[in-house]
Amino acid sequence: MIGASKNAPSYDNNHLLSLNLNVFYKTFLYDLYCLVGPLQDVISTCCHRNSNSTTGPRMAAVNMSACYSAVCADHEIEINPHVKEVLEKTTLTGTGVTIKLPGNSRRGNAQRLDDDDVLALSKCLRNNKSVTGLDVGYNNITDKGVEHLVDLLQDDSSSLRSLDLMFNDIRGAGAEVLARSLQCNSTLLSLRLSGNKIERRGAAHLASVLQVNSTLRELELADCDLDTQGVMALAVALGSNETLLSVDLSRPLLPSLQEEWAVHASEMLAANGGLLELHLGKMGMGDAGMERLSAGLRLNGSLRYLDLRCNRVTRDGVRHLSELLKQSRTLQVVDLSSNRIEDEGAAYLSEGVAWPGCVLRELSVRSNHVGTEGLLSLAQALMASTALSHLYIWGNRLEEPVCQVFGEMIASGRLPPSRTDVSAYEADGRTFLAEAFRGLRRRRFGADVDTFPCDASM
């Protein structure tokens, strides 16, 4: 039984009746703090007792907000108004909810999260089965903050299935802590670490955990300053991992032009039978790397989305890709934006796309120095193909014959406006093409699975 305290506030009946339920609940929780000191047990009870209660989602949201305030008071942490507001507005449902606290919110006054905010938030979310996703990207979270988040991943009652930590200040030590927690975690499906400079150390630990983790389906490690050894370690680990569906290794720091990583990536693709989506943008890959990847893909029976944006692939490399398209029965999306395939490369691609049995549905050749001849050959391939339905061409030389042909395809419905990045208009009796800000949708196969939490932001 809790004893009386001379410092505790007192209430009379008239005063209690005049209090709003929300204000009273928060005041009562703080009074308990004054009486019993540390609130660990009280917080655990109060924060989660109503998540499945008949009092409804609103009370559960109030509980989370009050819990956050109490934890901040207990640990002498300054309350972050942005966190408090989001928790108050969060509606908990039986199907799971993602708490979104990105630091790049359009609200200019949103205060970015630091390690102390993460400590308070992680304590509030413990044992909360209604929260299945946490988005804290673009904040000021460091390795210390990751240690607090790991408590959620190691909690046996955790329901967290997606964790977005993109573009924080997490280094190799933080990635190591995350990797250790994933060795025994059986709930997390999506981990996004892009933009954190985890370098070789972080890549090595994540590669190690991929050999034992059988739950994770999506892993994003773009812009993580991975070196050649880090990329190769991940490629080797992926060769035996049959669970991951989507992997992003874009923009590593590869000093060598020998493309050693491509050899390991090719071997991984030949051995892996589960990967559906692979992002290799800004890898510095040339024609030799494209040849090696194509060799591995000929033995692969699963990959559907291949992202090769912003590389150094020319007509010679595309020739190998074209031969692959003639054989593959799974590859549906290819992104070649910002390479240099030119007219001859476009002609090779057209041959592969128009080949009977080619299953390619979406192709992007934006900004590839393709002229009239190459674009017209792609238009003819589109008309001949029974599979290709999306074609993105902006950034090439769109001369009058090209504008006329693509304008006719758009008008006829063969290439609907929603499936290309150009729109046709007429001026002075001539047809021109303008840019329409549409492109290939990313992260489709890693998230579009029956058991993955549905979230509009994904």
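A residue is called buried when its relative accessible area is under 20%, exposed when it is over 50%, and partly exposed in between (1.4 Å probe, protein chains only). The structure is a predicted model, in which local features need pLDDT of at least 70 and side-chain atom pairs count only at pLDDT 80 or more, while totals for chains, interfaces and linings use all residues. Residues are numbered from 1 along each chain as its sequence is written, and side-chain values use heavy atoms, with hydrogens and water left out.

**Exercise 1. The whole protein**

Task: State what percentage of the residues count as buried, and how many helices and strands there are.

Solution. Step 1: the protein has 458 residues, of which 54% count as buried. Step 2: helices (H or I, at least four residues) and strands (E, at least two) are taken as DSSP runs, numbered from the N terminus. On that basis the protein holds 16 helices and 13 strands. Step 3: contact means heavy atoms within 4.5 Å. Among contacts between residues at least 6 apart in sequence, 82% join residues at least 24 apart.

**Exercise 2. The open sheet**

Task: Give the strand order of the open sheet and identify the strands at its edges.

Solution. Step 1: two strands pair if DSSP finds at least two bridges between them. Step 2: the open sheet has 11 strands, in the order β1-β2-β3-β4-β5-β6-β7-β8-β9-β10-β11, and its pairing is parallel. Step 3: β1 (97–100) and β11 (390–392) each have a single partner strand, so one side of each lacks a neighbour in the sheet. Step 4: neighbouring strands of this sheet are turned by 5° against each other on average, direction ignored. Step 5: as one pair in detail, β3 (residues 162–164) and β4 (residues 190–192) are joined in the parallel sense over 3 bridges. In this pair Ser-162 stands opposite Ser-190 of β4.

**Exercise 3. The hairpin**

Task: Determine whether β12 and β13 pair in the parallel or antiparallel sense, and describe the residues between the strands.

Solution. Step 1: β12 (residues 422–427) and β13 (residues 430–435) form an antiparallel pair over 6 bridges. Step 2: Tyr-425 has Phe-432 in β13 as its bridge partner. Step 3: the hairpin has 2 residues between its strands, and Asp-428 takes a positive phi near 55°.

**Exercise 4. Two packed helices**

Task: Classify the packing of α10 against α11 and list the residues that meet.

Solution. Step 1: axes are lines fitted to C-alpha atoms, for helices over the stretch in contact, and angles run from 0 to 180 degrees between N-to-C directions. Step 2: α10 (residues 228–238) packs on α11 (residues 260–271) at an angle of about 10°, the axes being 8 Å apart. Step 3: angles under 35 degrees count as roughly parallel, over 145 as roughly antiparallel, 65 to 115 as roughly perpendicular and the rest as oblique. Therefore α10 is roughly parallel to α11. Step 4: from α10, Thr-228, Val-231, Met-232, Ala-235, Val-236 and Leu-238 meet Glu-260, Trp-261, His-264, Ala-265 and Met-268 of α11. Step 5: Ala, Val, Leu, Ile, Met, Phe, Trp, Tyr, Cys and Pro count as nonpolar, Asp, Glu, Lys and Arg as charged, and the others, Gly among them, as polar. The contact then has 8 nonpolar, 2 polar and 1 charged residues.

**Exercise 5. Two loop residues**

Task: Locate Ser-337 and His-369, and decide whether each is buried, exposed or partly exposed.

Solution. Step 1: Ser-337 is in the loop between β9 (333–335) and α14 (342–353). Ser-337 is buried, because its relative accessible area is 9%. Step 2: a polar contact is a pair of N or O atoms within 3.5 Å; within protein, one must be able to donate a hydrogen and the other to accept it, and residues adjacent in sequence count only if both atoms are side-chain atoms. The side chain of Ser-337 makes such contacts with the side chains of Asp-335 (2.6 Å) and Ser-364 (2.7 Å). Step 3: His-369 is in the loop between β10 (362–364) and α15 (372–384). His-369 is partly exposed, because its relative accessible area is 36%. Step 4: a polar contact of 2.9 Å links the side chains of His-369 and Arg-340. His-369 and Asn-339 are 30 residues apart in sequence, with a C-alpha to C-alpha distance of 8.2 Å.
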